[in-house]
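Q: Got a two-chain model to walk through. Can we start with the basics?

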Amino acid sequence: MGWPGAGGGHVADSSMTALASGLSVAVNQTGPIPLAAEFVCQPGELLALVGPSGSGKTTLLRTIAGLYRPQHGQVICAGDVWFDAEGERSLSPQHRRVGMVFQDYALFPHLTALENIQVPLRHLSQPQRREQAEQWLAKVRLEGLGKRYPNALSGGQRQRVALARALAREPQVLLLDEPFSAVDQVTRRRLQRELALLRQQIKIPIVLVTHDLEEATALADQICVLHNGVSLQQDSPEALFSRPASPLVARLLDRHNLFEGVVVEVEGQRRLQWGECSLEVAEGLANLPLGEAVAWYLPPSDIVLHRRDRPSQGERENPLAATVSEVVVLGGITSVSLRVGHGDMLRFDIATHAARRNQLTSGAVVNVSLLAAGIHLLPGHRVRADAHDKRK
Amino acid sequence: MDWSALSVSLRLAAFTCLMLIPIAIWLGRSLAYARFRGKGLCEALVALPLVLPPTVLGFYLLLSFGRDAPIGSFWAEMTGSGLNFTFNGILIASLIANLPFAVQPIQRAFEHVPHNLREAAWCSGLSPWQTLLRIELPLVWPGIMSAAALTFAHTLGEFGVILMVGGAIDGETRTLAIAIYDRVQAFDEQGAAQMSALLLLVSFITLGLVYGLAGRRRWARG
């Protein structure tokens with residue numbers, strides 16, 4: 001089955017052609033739902049829109065599908081302008097080739113699984129339609145269940161029918177609105193695996209709306225963080241988790257280790273003064289004026305615990321002593337909070353057996369290193385001011 | 001047995017159903033989906049025949065069907081005949097009297113169709129018309145059936161409005177319900193009993209058929 005117009009096999013030799021075959025969305029309006037979002041998604045790429053509820057994720061998805069018309073903006077897919085507020089162009093949902101999987105799947109209850117999948121195939125003759133629908137049913141591994149009505153299918157099976165119906169449209173973009181929220185944990189893991197496998201076969205942009213960060217990290221190539229309708233940052237999961245653009249992004253991604261320091265000079269070298277420590281920073285410090293207060297973030301993976309029995313690598317980098325304030329065992333992983341001299345808390349996860357071996361108990365004093373390469377400066381941001389923003 | 005009265009009753013009920021159901025589908029759907037100022041007022045207007053005494057409704061219809069009233073004069077201009085004491089007159093009266101019985105079940109049915117099913121249909125490429133025919137109407141079918149059953153049965157039994165607007169002209173406006181009343185007035189208890197039993201039977205069969213048909217949905221949650 002081909003994916004006409006979706007850019008399959010098309011070699012993107014520059015960013016412009018890549019854009020022409022992918023999906024690009026830019027939306028702006030002040031009300032009734034405030035939006036200021038921009039994101040792109042290349043063919044074959046999975047973009048996750050994440051954010052708390054009410055952050056506009058679903059509205060953006062509906063905008064792509066043509067079910068919602070914002071006041072300003074553009075939706076361009078595979079080089080076609082689907083929506084352009086200034087050019088007063090807006091294709092109807094029927095004329096945009098989107099495959100949409102709704103949050104509660106929206107299967108037609110009076111049609112069997114097979115008939116549901118046949119709905120987008122109405123342009124074909126009846127025998128062809130049936131054959132194609134059977135093929136899609138097999139692709140989502142539901143052979144033999146075609147005659148069942150949706151109410152006789154389990155949650156996971158319904159989700160697969162919905163996915164098959166969306167793909168049967170041979171869409172130019174696949175939209176998934178919290179597709180795993182209505183099923184149990186075990187089914188969710190299986191469906192996520194299947195989606196990851198399916199992705200290798202379809203070369204169209206896939207946009208996934210989720211509030212589950214773990215899900216987004218596991219499935220997405222790109223994550224776009226949304227807050228109150230505003231897209232704050234789009235990046236790969238790794239980049240996002242190590243280099244959030246602002247304290248707000250870090251908080252929305254459930255990142256801790258967000259602090260504030262002052263740019264100082266120690267023995268002719270730029271350092272970041274944090275409480276009593278002056279930290280070495282690999283990048284970004286040289287451009288900042290002396291005396292400037294700056295927010296900074298450290299990924300938990302860049303906090304290295306010194307072993308009691310023998311020294312480990314990186315021990316010379318920004319070593320500091322801290323008191324264990326909290327040890328929470330979560331199965332094989334232990335979450336450790338350390339209180340530093342001036343009161344800030346460092347938080348990181350280590351394997352539970354490592355925590356035991358190092359005798360990490362509340363009140364113990366340990367030594368850690370903060371890796372200079374991991375320290376990510378957020379110039380122009382103050383931790384507390386942003387915290388106030390968040391409360392608004 | 002007054003066969004011409006039975007014929008008038010059945011004709012009236014059938015025409016009322018045929019004409020009212022499409023109107024009720026449009027009106028019920030609009031009321032179910034639309035959000036506008038004055039929606040409550042519209043719903044109250046539709047429901048009004050439910051609570052108004054039939055004689056009151058009949059009285060106002062009688063007034064407005066007169067040749068010097070706007071509706072009556074318009075009708076006379078279009079067709080050359082009056083509305084009062086004619087079959088057309090009682091048909092229009094019946095359409096109005098049955099409005100709530102037809103609209104309300106259909107409106108409730110449309111309200112229970114999840115909004116995203118329509119959107120899913122659009123995203124699957126179905127036009128608004130195809131969505132109505134293939135998705136919405138099958139889903140609201142039980143509502144349409146009960147609207148039709150209620151309208152049919154209620155028209156057979158309607159008395160006050162018909163009598164006010166139509167009088168009791170044999171073969172034109174005398175329905176079975178009115179004929180029964182006439183029989184009782186004329187101390188013909190046997191005739192009244194026969195016709196009452198017939199009306200009871202016809203009403204029961206109509207409702208039984210319709211509810212039986214509406215209940216046969218394999219996909220409905222049991």
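A: Ground rule first: helices (H or I, at least four residues) and strands (E, at least two) are DSSP runs, numbered from the N terminus. On that basis, chain B reads α-α-α-α-α-α-α-α-α-α-α along the sequence. It has 11 helices and 0 strands.

Q: What should I know about numbering and model quality?
A: Residues are numbered from 1 along each chain as its sequence is written, while chains are lettered from A and ligands numbered from 1 in the order in which they are written. This is a predicted model, so local features need pLDDT of at least 70, side-chain atom pairs count only at pLDDT 80 or more, and totals for chains, interfaces and linings use all residues.

Q: And the secondary structure of chain A?
A: Chain A comes to 11 helices and 21 strands.

Q: What pLDDT does chain A average?
A: The average is 86, and 91% of the residues score at least 70. pLDDT is the predictor's confidence in each residue, from 0 to 100.

Q: Where does pLDDT stay under 50 in chain A?
A: Residues 1–18 are one such stretch; the model has 23 contacts for them beyond four places in sequence. Residues 385–392 are another, with 7 contacts beyond four places in sequence. Two residues are in contact if their C-beta atoms, placed from the backbone, lie within 7 Å.

Q: What are the spans along the principal axes?
A: The C-alpha trace of chain A spans about 80 × 50 × 40 Å. For chain B, the C-alpha atoms fill a box of roughly 65 × 45 × 30 Å.

Q: How much of each chain is buried?
A: In chain A, 41% of the 392 residues are buried. In chain B, buried residues make up 39% of 222. Cut-offs: a residue is buried if 20 or more other C-beta atoms lie within 10 Å of its own, exposed if 12 or fewer, and partly exposed in between, with C-beta atoms placed from the backbone.

Q: What share of contacts is long-range in sequence?
A: Take contacts with a separation of 6 or more. In chain A, residues 24 or more positions apart account for 67% of those contacts. In chain B, the share is 74%.

Q: Now the interface. How many residues of each chain are in contact?
A: 17 residues of chain B are in contact with 18 residues of chain A. On the chain B side, helix H7 (115–123) and helix H8 (128–157) each supply at least two residues. H7(B) gives the largest share, 6 residues. By class, that side of chain B has 10 nonpolar, 4 polar and 3 charged residues. Here Ala, Val, Leu, Ile, Met, Phe, Trp, Tyr, Cys and Pro count as nonpolar, Asp, Glu, Lys and Arg as charged, and the others, Gly among them, as polar.

Q: Switching to helix packing in chain B. At what angle do H1(B) and H6(B) pack?
A: Helix H1 (residues 3–33) and helix H6 (residues 99–111) of chain B pack at about 45°, with their axes 8 Å apart. That makes H1(B) oblique to H6(B). Axes are lines fitted to C-alpha atoms, for helices over the stretch in contact, and angles run from 0 to 180 degrees between N-to-C directions. Angles under 35 degrees count as roughly parallel, over 145 as roughly antiparallel, 65 to 115 as roughly perpendicular and the rest as oblique.

Q: Which residues of H1(B) and H6(B) meet?
A: Among them, B:Leu20, B:Ile21 and B:Ala24 on the H1(B) side, and B:Ala102, B:Val103 and B:Ile106 on the H6(B) side. The contact has 12 nonpolar, 2 polar and 2 charged residues.

Q: How about H1(B) with H5(B)?
A: Their axes come within 10 Å and cross at roughly 55°. H1(B) and H5(B) are therefore oblique to each other. B:Leu12, B:Phe15, B:Thr16, B:Met19 and B:Leu20 in H1(B) meet B:Ile90, B:Leu91, B:Ser94 and B:Leu95 in H5(B). That contact divides into 7 nonpolar, 2 polar and no charged residues.

Q: Where does B:Phe87 sit?
A: In helix H5 (residues 87–97) of chain B. B:Phe87 counts as partly exposed, because it has 17 C-beta neighbours inside 10 Å. Not counting residues up to four places away in sequence, B:Phe87 touches B:Glu172 and B:Thr173.

Q: Back to chain A. Is H2(A) buried or exposed?
A: Helix H2 (residues 57–65) of chain A has 8 of its 9 residues buried, so it is largely enclosed by the rest of the structure. The buried ones include A:Lys57 and A:Arg62.

Q: What follows H2(A)?
A: A:Gly66, with a positive phi near 85°.
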